[in-house]
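Got the model open in your viewer? Let's take a short walk along the backbone and stop at a few spots with unusual geometry.

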Amino acid sequence: MTKKISLIGVPSDISAGDRGATMGPEALRVAGMSSTLEKLGYDVVDTGNLYGPKNPDLPPDDGLRHLKETVIWCQNVQDAVYSELMEGHLPIMMGGDHGMSIGSVAAVSRYCNQRNIPLCVLWIDAHADFNTPDTSPSGNIHGMPVAVMSGIGPDELTGLSSVVPMVKPQNIYQVGIRSVDRAEKKLVTDSGINVFDMRRIDEIGMRMTMQSIIEQVRDKNAHLHVSFDVDSLDPTIAPGVGTTIPGGLTYREAQLCMEMVYDSGLMGSLDIAEINPALDQKNTTAELAVDLAASLFGNHILPPAKGKTK
């Protein structure tokens, strides 16, 4: 993992149902994202915020809300993330709604394809995000990014990368899922993506979940892109999200997940999405996200043991 990190603010709620995620990047800054990573020994540059169309707050058109505006935002995200990867930096997309991850995954897909490196995506989320214009109850594109990166959805989005699909479905690993729309379920089941929903995590635990994922990613010698939707956490600890779903990841489950990703040394890019300060309590959700990001970048309870132990 490189020691050079680039923070990219993406203040968009263009593909979400609730307004307010536009303030997410600033909430993460106020919570100390940059200084926290610097204390862990990283060279951090905050590149500022990207710009895009304002939210017109319109109803769905042919099963999609704000497609034109979302495409522009995602293209801007792709350009920024790709540029930082080319500079040898680890980009952190600070969202903003999770639809913006279409742009970041498009960038990483393009980057990996040019280097003939497989891409794997760890999608930490309460939702499967595998809707299409035909299955989505709302038309909100933040419920569609996994389908889009798998090559299913409007051409304007699936074609953002130089590679279609952006990620092979068998290289997508979902953790924390507990909300899947009725018509979406068959798409998820048929797609071939790897889903570790909350029941499975309850049954085998986070350690075995992450161990299985990390072993598969390592066997593929892949670049790992982590896309962390804060609504994956239980709303009792992370209330500042637009779509709270009970029964989410506990603090320790989430922290173990992040610690194991760091220990693997496989992560090459990161999204943090769906923080909505308008729904939060004294910025606690952003502060928790920064705390978990610290675990992703090596903050341990104790220093890792060196050498052999008895």
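Start by selecting Asn221 and switching on the surface. Is Asn221 buried or exposed? Its relative accessibility is 63%, and exposed begins over 50%, so Asn221 counts as exposed. Keep in mind as you click around that this is a predicted model.

Now show the backbone around Asn221. You're in the loop between α8 (198-219) and β7 (223-229). Check the phi angle here: Asn221 has a positive value of about 50°, although it is not a glycine.

Next, select Asn116. Which elements flank Asn116? This residue sits in the loop that runs between α4 and β4 (119-124). Look at phi again: for Asn116 it is near 60°, another positive value in a residue other than glycine. With the surface on, you'll find Asn116 exposed, because its relative accessible area is 72% and the cut-off for exposed is over 50%.

Time to switch from phi to omega. Select Gly95 and Gly96 together and zoom in on the bond that joins them. That peptide bond is cis, with omega at about 10°. To get your bearings, note that Gly96 belongs to the loop between β3 (90-95) and α4 (101-114).

For the last stop, select Val164 and Pro165. What is the geometry of the peptide bond from Val164 to Pro165? It is cis, and omega is near 0°. Zoom out a little to see where you are: Pro165 lies in the loop between α6 (155-158) and β5 (172-177).

Methods. Residues numbered from 1 in each chain as written. Predicted model: local features only at pLDDT ≥ 70, side-chain atom pairs only at ≥ 80, totals over all residues. Heavy atoms only, no water. Helix = DSSP H or I, 4+ residues; strand = E, 2+ residues; numbered from the N terminus. Buried < 20%, exposed > 50% of the residue type's maximum accessible area, 1.4 Å probe, protein only.
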